[in-house]
Amino acid sequence: MAFFPASWTRFFHQTASPPYFYALASKLSPWLGGICLALLAAGLYGGLYLAPPDYQQGDSYRIIYVHVPAAWMSLFVYVLMAVMGGIALIWRMKLAEVMLISSAPIGAGFTFIALVTGSLWGKPMWGAWWVWDARLTSELILLFLYLGVISLYGAIEDKRNAARAVSILALVGVVNIPIIHYSVEWWNTLHQGPTVTKLDKPSIHISMLTPLLLMALAFKFYYALAVLQNAKLELLRRESGAQWVKNLLGAKT
Amino acid sequence: MNNPDFWAMGGYAFYVWTSYGITFAVLLWNLISPVLQRKNLLRRLTVKQKRETS
């Protein structure tokens with residue numbers, strides 16, 4: 001009982017209540033959107049205009065500013081989904097189920113972007129749109145995991161049961177995440193090794209690194225904004241008969 | 001940005017601009033689609049509520 005202070009427990013219960021969360025999401029959205037746009041503008045200006053061309057790859061390397069943030073987010077969103085799945089299974093928390101399923105299409109979008117921009121970068125640099133190497137194949141499996149989560153949720157009529165099934169799938173699929181991350185070290189791949197996450201000495205110049213980090217941050221804010229829009233929709237769908245939705249409709253007319 | 005060299009991207013214009021185009025098309029779609037669907041749902045629920053109360 002005394003595990004958490006009472007004020008914490010109250011905070012979580014309040015935030016997780018659908019009407020409170022719906023109102024909070026509406027209030028946060030313009031701020032998230034504004035910060036995201038500012039970061040995007042700075043990142044794009046730095047990446048496409050200020051940063052010099054690469055000494056080996058010329059201007060083609062500028063694809064990195066959408067490719068790498070999207071690939072990072074594809075992993076990040078999946079891990080978040082698995083955490084939400086764990087919370088949903090253990091505590092039967094409705095909001096965790098909603099956040100899990102709301103994250104899936106956005107994560108699938110990031111994965112798709114990572115694959116397509118990687119292909120568009122691979123063609124001029126490697127001479128091939130696609131190669132079956134470990135990094136590319138494991139990222140493709142990630143896309144299928146996301147699509148699996150979306151279609152499994154859609155296929156089960158009762159949404160509480162659907163959320164339970166999807167939580168298990170999200171947790172099982174999380175083994176793919178370290179495989180993607182370490183694939184460039186475990187296997188001899190065509191995909192280049194990490195340039196940024198060697199934090200002691202990143203092999204990328206600061207004028208190229210800064211826009212990359214700005215874009216990564218912009219994508220984080222984008223995810224927060226987009227997941228809240230999906231969550232508002234999913235909450236309305238699930239709770240369309242609840243009193244707070246009736247009040248909401250009444251307030252609009 | 002009026003500089004034609006900027007748009008040429010050192011000969012990689014197709015690869016670079018297609019990447020950016022697809023990226024922002026997907027991101028925008030994933031953001032706008034739930035907003036439109038919610039507006040639609042709210043409209044239907046409002047009509048339903050009016051019919052039930054009258």
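Helices are DSSP runs of H or I with at least four residues, and they are numbered from the N terminus. The exercises below use this naming for a structure that is a predicted model.

**Exercise 1.** Find which helix of chain A holds A:Asn230, decide whether A:Asn230 is buried or exposed, and list what it touches.

*Solution.* Begin with the position in the chain: A:Asn230 lies in helix H8 of chain A. Next, take the relative accessible area, which is 13% for A:Asn230; because buried means under 20%, A:Asn230 counts as buried. Finally, leaving out residues up to four places away in sequence, A:Asn230 touches A:Ser102, A:Pro105 and A:Ile106, and from chain B it touches B:Pro34.

**Exercise 2.** Describe the surroundings of A:Val66, starting from its helix and ending with its contacts.

*Solution.* The residue A:Val66 belongs to helix H3 of chain A, and with a relative accessible area of 0% it is buried. Its contacts, apart from neighbours within four places in sequence, include A:Ile113, A:Thr117, A:Met215 and A:Phe219 in chain A, together with B:Ser19, B:Tyr20, B:Thr23 and B:Phe24 in chain B. Look then at one of these partners, A:Met215: it is 149 residues from A:Val66 in sequence, while the C-alpha atoms of the two are 7.4 Å apart in space.

**Exercise 3.** Describe the interface of chain A and chain B by its contacts, its buried area and its polar pairs.

*Solution.* Start by counting residues: 45 of chain A are in contact with 29 of chain B. The area buried between the two chains is about 3,300 Å², and carbon and sulfur atoms give 76% of that area. On the side of chain A, the three residues A:Leu48, A:Tyr222 and A:Leu249 supply 18% of the area that this chain buries against chain B, which is more than any other three residues. Turning to polar features, the rule finds zero salt bridges across the interface, but six residue pairs in polar contact, both residues being at pLDDT 80 or more. As for elements, those of chain A that give two or more residues to the side touching chain B are helices H2, H3, H4, H8 and H9, and the largest share, 12 residues, comes from H4(A).

**Exercise 4.** Locate A:Trp186, decide whether it is buried or exposed, and name the patch residues that go with it.

*Solution.* First, A:Trp186 is found in helix H7 of chain A, which covers residues 176-186. Its relative accessibility is 52%, so A:Trp186 counts as exposed, since exposed means over 50%. Lastly, A:Trp186 joins A:Ile179, A:Tyr182 and A:Trp187 in making a nonpolar surface patch of about 430 Å².

Definitions and conventions
Residues numbered from 1 in each chain as written. Chains lettered and ligands numbered in written order. Predicted model: local features only at pLDDT ≥ 70, side-chain atom pairs only at ≥ 80, totals over all residues. Heavy atoms only, no water. Patch = residues over 30% accessible without salt bridge, like charges linked within 9 Å, V, L, I, M, F, W, Y side chains within 5 Å. Areas by Shrake-Rupley, 256 points an atom, 1.4 Å probe, with all protein chains shown as cover. Salt bridge = Lys/Arg side-chain N within 4 Å of Asp/Glu carboxyl O. Buried < 20%, exposed > 50% of the residue type's maximum accessible area, 1.4 Å probe, protein only. Contact = heavy atoms within 4.5 Å. Buried area = accessible area lost by both parts, 1.4 Å probe. Polar contact = N/O pair within 3.5 Å; in protein donor to acceptor, adjacent residues only side chain to side chain.
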